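Q: I would like a close look at a single part of this structure, namely the aromatic pairs and the cluster that they belong to. Please also set that part within the whole chain.

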Amino acid sequence: MPRLAPQRLVLLSGWGVDKRIWQPLTDYWPDGSEVSCVDWPGYGDVAALPEPATLTSLAHAMADQLPSDAVWVGWSLGGLLATALLDHLPAPRGLILIGAGERFCSDDGVSTAELATFQRAFARDPNATWQHFLRWQSQGEPNARHAYQQLRTLLGDTPSATPSTLSQGLHWLATLDNTQRLQDAPCPVGRLVGEHDPLVASGQRAQAARLAHAGHCPMLSQPAELAGVITEHAATLTQQAVKESP
């Protein structure tokens, strides 16, 4: 196999989870790769968006973090938001979606009713609901209990995001529909999904490359494999973008 050229990658995390989720991949990137793990507004030390948050204000806040000479890698809600920002920012060299598709809700993944119930529970008790979500998204991993403990070790006992940021994230999960954006994407798009991901619809899974022995959190259960697949996809998308450029 030919040696893959180093890539510039920007890794984007999902709902209720900050950039620390990518730490297990640190030792597996090829030499020379430039990998940035960035937080969304309202997570970690990053200021939250002014309310009401919009995709326009999100794009303004993320403009310096999402350069056009990189491949954006969005996991879960991070993939949905990265796709939505294609309407607002210069297109990247490629977009890789992990555990994400056109929409979050589906008939055979997480239903609209289930998400609405989750939103009501979050309004009552944000911290307990966040911890429930960590357990929920761990269920597809080979050892769900171990994956949940990994999440707790990485993230601690409370979310690093503000309650308003988390609430806005749930709203985006419920309302974002990137069907048209992906059909008319201004850059090559690759899709990856854990073969046992409980949060992804079968139709979206059929369009994606499968990650064996993984669920919604392959960075926990398959870090070496995930880093390798991301690297391979990024190289392919970059080559495709060069061929398609005028």
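A: The answer below starts with the whole chain, turns to the aromatic rings, and ends with some backbone details.

The model is predicted: local features need pLDDT of at least 70, side-chain atom pairs count only at pLDDT 80 or more, and totals for chains, interfaces and linings use all residues. Residues are numbered from 1 along each chain as its sequence is written, and side-chain values use heavy atoms, with hydrogens and water left out.

The protein has 10 helices and 6 strands; these are DSSP runs numbered from the N terminus, with helices (H or I) of at least four residues and strands (E) of at least two. Its radius of gyration is 17 Å, close to the 18 Å that the globule rule gives for 246 residues, so the protein is as compact as a globular protein of that length. That radius is taken over C-alpha atoms, and the rule is 2.2 Å times the number of residues to the power 0.38. Along the principal axes, the C-alpha trace spans about 50 × 40 × 35 Å. Of the 246 residues, 51% count as buried; buried means under 20% relative accessible area, exposed over 50%, and partly exposed in between, with a 1.4 Å probe and protein chains only. Among contacts with a separation of 6 or more, 70% come from residues 24 or more positions apart, where contact means heavy atoms within 4.5 Å.

The aromatic rings come next. The structure holds 6 aromatic pairs. Rings of Phe, Tyr and Trp (its six-membered ring) pair if their centres lie within 6.5 Å; planes under 30 degrees apart count as stacked, over 60 as edge-to-face, and the rest as tilted. One of the pairs joins Trp15 and Phe118 edge-to-face, at 5.6 Å centre to centre with 80° between the planes. This pair links distant parts of the chain, 103 residues apart: Trp15 is in the loop between strand S1 (8-12) and strand S2 (34-38), and Phe118 is in helix H3 (residues 112-124). Both Trp15 and Phe118 are buried.

Trp15 also pairs with Phe122: the ring centres are 5.9 Å apart and the planes lie at 75°, so this pair is edge-to-face. Here too distant parts of the chain are linked, since Phe122 is in helix H3, 107 residues from Trp15. Phe122 is buried, as is Trp15. One aromatic cluster is formed by Trp15, Phe118, Phe122, Phe133 and Trp136.

Helix H3 also holds Glu114. At 40% relative accessibility, Glu114 counts as partly exposed. Its C-alpha atom is separated by 25 Å from that of Arg210, 96 residues apart along the chain.

Some backbone details complete the picture. Most residues other than glycine have a negative phi, and most peptide bonds are trans. A cis peptide bond, with omega about 0°, joins Glu51 and Pro52; Pro52 lies in the loop between S2 and helix H1 (55-62). Ser76 is not a glycine, and its phi is positive, near 60°. The loop between strand S3 (71-75) and helix H2 (77-84) contains Ser76, which is buried with a relative accessible area of 5%. His213, likewise not a glycine, has a positive phi of about 60°. His213 lies in the loop between strand S6 (209-211) and helix H9 (218-221), and it is exposed, with a relative accessible area of 52%.
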